[in-house]
Amino acid sequence: MFNKILIANRGEIAMRIIRTAREMGIKTVAVYSTADAASLPVRFADEAVCIGPANSKDSYLNIANIIAAAEITNADAIHPGYGFLSENSHFSKVCAKHGFKFIGALPEHIDKMGDKATAKSTMIEAGVPVVPGSEGILESLEAAKKVADKIGYPVMLKATAGGGGKGMRAIWKAEELEKAYESAVQEALAAFGNGGMYMEKLIEEPRHIEIQIAGDQYGKACHLSERDCSIQRRHQKLTEETPSPFMTDELREKMGAAAVKAAEYIGYEGVGTVEFLVDKDRNFYFMEMNTRIQVEHPITEQVVDYDLIREQIKLAAGIPISGKNYYPKLHSIECRINAEDPYNGFRPAPGKIVHLNIPGGHGVRVDTHIYAGYQIPPNYDSMVAKLIVTAQTREEAIAKMSRALDEFYIEGVKTTVPFHRQLMDHPDFIAGNYTTKFMESFEMDENYLHK
């Protein structure tokens, strides 16, 4: 087992890793930018090293500075968290080259699953259902037209190096294709330096359901059931829950088996998720694989009583998994609390937190790095907390989340708490009747909290 882990990340995920590492008797090193000098990870880690100024490329994406920090603190492993360098195969290779265990996927797995066109080809080889579409990257606009004519409209263009909705375009008829193709390529080039595109049949009324998996160094994998991530805005998840209200026992078995097959086919090491689109008839199709811990991992932990960060560390240390699959015993919902103004197009709202009240009580968990007096920097992702509730039933979980949101006061900045509170009372959410299109018709009620 490791003696000291350097955490190449910030915010709540850094705190999350510090807590589990301390319980395991492992020392931690927090790295931080100048903007995060007063952050909780810096305060609670055993050691802390400044790795650069506020700009991410000069600090949390600065591989040389992170490796130097690991060397001077004598760390023997590096945990990348999520985002930043967590799915960077070059960083994984550099860690290994300098003698640090990367607590994440192997470089070849990051490369194979990070490129969406390659990932799709790999899943076809593995026998996992995929959305009909192009075989690999589209060579030209003409090639895109031929594929679209073959599979039929509507279609979805996707950047092969994409993420966060960049380089994605839904096309409903042939006349829209040329303009959409050109703009998607330009957006992908600007965002990723890679304009490669592929095309898939557009699945109408889709659910976004992911399967949590874990794989060891000996070729064995297991799954920990599903999370429903369909409530999202611009392809960014807002609220997640498990089990999915759309799931059946039969579908869970099929999707779980497909996810394990995918992981074992590539010999996947570590924790990750296999993400699927599920249509209205409960047909499921591979969408992508995330080779890292997910933001929404706590709800899985809550319903199967399983510390996924602990498991990540154990797998990286060479400890085998038991091989059994895990199924939800309870119901859990997570709301991502962002420093954004939901009444103004979810515009980012960094600033100083003046007063803070964090909810509590049975079945309430808050993963966060904020405190009263904390200055939310404008340089990073706007998420400031994750509110997770767990109950015996979905109905009880929604009621518990409503109560917890009523207690969650973050004064001094705008947050998405009012959005989530309104969501918990939305009849379609209560009925479990939602798809990835839910937010397209959702409108904030200015007077909601005063009713």
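How far apart are the end C-alpha atoms of helix H8, and what span should its 16 residues have? Here are a few notes to help you find your way around this predicted model.

1. Let us start with that helix. H8 covers residues 177-192, and at 1.5 Å a residue it should span 22 Å; the end C-alpha atoms are 22 Å apart, so the two values agree. Just beyond H8, Gly193 has a positive phi of about 70°.

2. Next, look at which way H8 faces. Leu177, Ala180, Tyr181, Ala184, Val185 and Ala188 are its buried residues. They lie on the same side of H8, because the arc they cover around the axis is only 130°. The face turned away from that buried side carries Lys179, Gln186 and Ala190, which are exposed. Among the elements covering the buried residues are helix H7 (141-151) and the strands E6 (155-159), E7 (169-171) and E8 (197-201).

3. Now turn to the open sheet near the start of the numbering. Its five strands follow the order E3-E2-E1-E4-E5, with parallel pairing. Strands E3 (47-52) and E5 (101-102) are at the edges; each has a single partner strand, so one side of each has no neighbour in the sheet. Helix H3 (residues 63-72) packs on this sheet and touches E1 (4-7), E2 (27-33), E3 and E4, its direction making about 155° with that of E3. At the E5 edge, E4 (residues 77-79) pairs with E5 over two bridges, and Ala77 is opposite Lys101.

4. Strand E9 (residues 207-215) is worth a visit too. Nine of its nine residues are buried. In a regular strand, side chains alternate between the two faces of the sheet. In E9 both faces are covered: Arg207, Ile209, Ile211, Ile213 and Gly215 are buried on one side, and His208, Glu210, Gln212 and Ala214 on the other.

5. E9 has antiparallel partners. Nine bridges link it to E12 (residues 270-278), and six link it to E10 (residues 221-233). Glu210 has Glu275 as its bridge partner in E12 and stands opposite Arg227 in E10. E9 and E10 make a hairpin with five residues between them, where Gly219 in the turn has a positive phi of about 90°.

6. Finally, is Glu241, in strand E11 (residues 236-242), buried or exposed? With a relative accessible area of 1%, Glu241 is buried. Its side chain makes a polar contact of 2.7 Å with that of Arg394. Other residues that Glu241 touches include Arg227, Asp228, His331, Phe429 and Tyr434.

Methods. Residues numbered from 1 in each chain as written. Predicted model: local features only at pLDDT ≥ 70, side-chain atom pairs only at ≥ 80, totals over all residues. Heavy atoms only, no water. Pairing = 2+ DSSP bridges. Helix = DSSP H or I, 4+ residues; strand = E, 2+ residues; numbered from the N terminus. Contact = heavy atoms within 4.5 Å. Axes fitted to C-alpha atoms, helices over the stretch in contact; angles between N-to-C directions. Buried < 20%, exposed > 50% of the residue type's maximum accessible area, 1.4 Å probe, protein only. Polar contact = N/O pair within 3.5 Å; in protein donor to acceptor, adjacent residues only side chain to side chain. Expected span 1.5 Å × (residues − 1). Arc of directions from axis to C-beta. Lists of a residue's contacts leave out its neighbours within four places in sequence.
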